[in-house]
Amino acid sequence: MSDYDVIIIGAGMGGAASAYALSKRGLKVLILEAGPTYNPATDYHLNQPDWEKKRFPFKPNSQGKYTFGTEQVLDDTKWSKLRSWNHQLGLINITSKRKFAAYHHVRGVGGSTLHFTGEAHRLHPEAMQMYTHFGVAADWPLTYAELEPYYVQAENLIGVAGDNSGVRQRSAPFPLPPHAPSYAEQILAKGFNKLNLSWTPNSLAVLSKPYANRPACNYCAACNLGCPRSDKGSADVTFIHAALQTGRCEIKTGVQVLRLETDKNAKISSVIIADNKGQHKFNAPLYVLAAGAIETPRLLLASEVGDDSGQVGRNFMETLFHTSLALHPEPLGSHRGLPSGFICWDYNAPDAIPNIIGGCRFSPAVAEAGFIGAGQYATRVISGWGRKHKQAMRQSCANVLGITGIGEFLPNKDTYIDLDTKQTDEHGIPLARIHSQLTELDKQRLSFIANTNTAILHASGAEKTFERYSNYDFFNTTHVFGTCRMGIKADNSVVNANLRSHRWQNLYIADASVFPSSGGGESPSLTIAALALRMAEFI
Ligand SMILES: Cc1cc2nc3c(=O)[nH]c(=O)nc-3n(C[C@H](O)[C@H](O)[C@H](O)COP(=O)(O)OP(=O)(O)OC[C@H]3O[C@@H](n4cnc5c(N)ncnc54)[C@H](O)[C@@H]3O)c2cc1C
Ligand code: SF4
């Protein structure tokens, strides 16, 4: 007999939303989280002199290990203009192969939302039917209309600020009014206007007014370093907080689930965990796996709890992105504001980019590129030493404008997660190995984004481009999807529309691994939360 009705593995957005919705309905929930807890008031060091140097304050055990497969050979005869470049360094990757840089994530209560930007997007309805309409990726086994009520619930719990006249059909208004663009964003927006591109305040998990005992944002732009005010709606201060308030949710941190065990009735019977005291076993009637799109397939494969058709780990999708940064002649104070205060959805529909399947979106990039302090200027924009350097710094600091386009990444057969055959973690569990390759269609989309970025910067008056980077020559991903795709049939998917495993009756998967397609640049967390809330209702 178990003390719990459900065990949730992972306290990121998927695990947190599941915990909230299940405990609210009366179930006793245990969350097992490999990483530590963060205290926003004391762990984010924005008040210390070296705040810029530290970036996100990783703690012991707050990052997982992983390895990479074979690097893709770059096709520079055709795509050399997509190379990552800095005006002082020249090419940032000087090799002829695509370098594996990083899968950016945090292990901890809140998962990767602890350092996320806070974009809270709904998917484009047509981006959920990519196979039917365009013959690529796979269809979601549910429609936008079916997911819409759960988007509303997630937005209300988080406190999303947005513009009700925005692009998606809504059954209820945003709980909070949109944020106003900063001065620098208004200058960038002039570039969009000149090119006849529309823009709208971004929908953000960042409070524009006090909400649920959290204060409004102070526009320090440091969201990716962790928000000390807790106005950014990371999963710890929203769903986890609400789950704990039910009195029916318990979290154990520093607990890595090593293995799932099964019984003869096609059910998960228990989980084996490791903490600082050794290995233990826990069980419950139901299990929700929410370890993220890299660790979820790793755990399933390492436990030999896969599916019947070898789909676990397949259909991985990384972040397709291109960023351009340029100096504007005027001082703009561009270190202030929100990292991604407005957004252009004009090319978001899967058929919006001329002759290229799969959409994209554009938004400001100064803060995400790190230009919220002088240190980045001194290393990436202005060279030299002494008086001349000081003068140049005075003239240029806070003048950077940046633009990022993020687009659809289509699944392909060479892009997947498997287990490393040689390297294991300290418990002897094989590490996840990331394989990822860009297709020609992805490069075409990237090229469109790169050209548009340049045009927007120039139109806004920022002519001196000093840096460009993209995932053409670096795997450097923030959004990860796929690997346990949802679908109708067991022969081409791992879970059904309610996120229940086709094979294991009491196993649910509630993270970005279930996405059949990535969307046209939408950030995934709100969709992860909405899917988890829907799953909880089914359970
Ligand atoms: C810099 C950056 C900016 C971003 N900005 C945005 C944004 O603006 N909007 C947006 O929507 N998304 C954004 N993202 C992406 C977003 O943060 C992630 O897509 C999302 O948080 C993923 O949620 P998840 O629940 O799938 O997984 P995760 O957040 O990865 O959570 C999984 C959790 O499971 C735990 N875990 C893993 N394995 C085990 C195990 N074996 N045992 C126990 N626990 C385990 C991990 O420690 C982790 O806490 C950003 C990401 C980055 C890196
Ligand atoms: S800009 Fe707002 S949400 Fe982001 S870290 Fe600063 S106070 Fe928090």
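Two strands pair if DSSP finds at least two bridges between them. Keep that in mind for the opening stop, and remember throughout that this is a predicted model.

**Stop 1: strand β1**

Select residues 6-9, which form strand β1. Now add residues 286-289, strand β12: the two strands run parallel and are joined by 4 bridges. To see one of the pairings, pick Ile7 in β1 and look for Tyr287, its bridge partner in β12.

Next, bring in residues 29-32, strand β2. This strand also runs parallel to β1, again with 4 bridges. Here Val6 is the residue to click, and Val29 in β2 stands opposite.

In a regular strand, side chains alternate between the two faces of the sheet. Show the side chains of β1, then ask: which residues lie on each side? Val6 and Ile8 are on one side, with Ile7 and Ile9 on the other. Both faces are covered, and these four residues are all buried.

**Stop 2: helix α13**

Jump to residues 525-538, helix α13. This helix has 14 residues and reaches 20 Å from its first C-alpha to its last, close to the 20 Å expected at 1.5 Å a residue.

How many of its residues are buried? The count is 12 of 14, so α13 is mostly covered, given that a residue is buried if 20 or more other C-beta atoms lie within 10 Å of its own. The buried residues include Ser525, Ile528, Ala532 and Arg534. To find what covers them, display α1 (13-24), α6 (144-158) and β21 (507-509), which are among the covering elements.

**Stop 3: the nonpolar core**

Keep α13 on screen and color the largest nonpolar core, which has 158 residues. The members that touch the most others are Ala16, Ala17, Ala19, Val29, Ala154, Phe239 and Ala532. The largest share of this core comes from α13, with 9 residues.

Center the view on Ala17. Leaving aside residues up to four places away in sequence, what does Ala17 touch? Its contacts are Ala154, Phe239, Ala529, Ala532 and Leu533.

**Stop 4: ligand 1**

Select ligand 1 and expand to the 38 residues around this ligand. Coming nearest are Gly10, Gly12, Gly111, Gly292 and Ser525. Ser525 is also one of the buried residues of α13.

Color the shell by secondary structure and you will find α1, β9 (256-262), α9 (292-302) and α13 each supplying at least two residues. The largest share, 3 residues, comes from α9. Colored by class instead, the shell divides into 13 nonpolar, 20 polar and 5 charged residues.

**Stop 5: ligand 2**

Move on to ligand 2, which has 13 residues around it. Where should you zoom in? Try Cys217, Cys220, Cys223, Cys227 and Lys232, which come nearest. By class, this shell holds 9 nonpolar, 1 polar and 3 charged residues.

**Stop 6: two loop residues with positive phi**

Finish with a backbone check. Pick Asn355, in the loop between β14 (342-343) and β15 (360-364). Its phi is near 65 degrees, a positive value in a residue other than glycine. Is Asn355 buried or exposed? With 7 other C-beta atoms within 10 Å, Asn355 is exposed.

Then select Ala398, in the loop between α11 (386-396) and β16 (400-407). Phi of Ala398 is near 75 degrees, again a positive value in a residue other than glycine. Ala398 counts as partly exposed, because 18 C-beta neighbours lie inside 10 Å.

Methods. Residues numbered from 1 in each chain as written. Chains lettered and ligands numbered in written order. Predicted model: local features only at pLDDT ≥ 70, side-chain atom pairs only at ≥ 80, totals over all residues. Expected span 1.5 Å × (residues − 1). Contact = placed C-beta atoms within 7 Å. Core = buried A, V, L, I, M, F, W, Y, C linked by C-beta atoms within 7 Å. Near = placed C-beta within 6 Å. Nonpolar A, V, L, I, M, F, W, Y, C, P; charged D, E, K, R; others polar.
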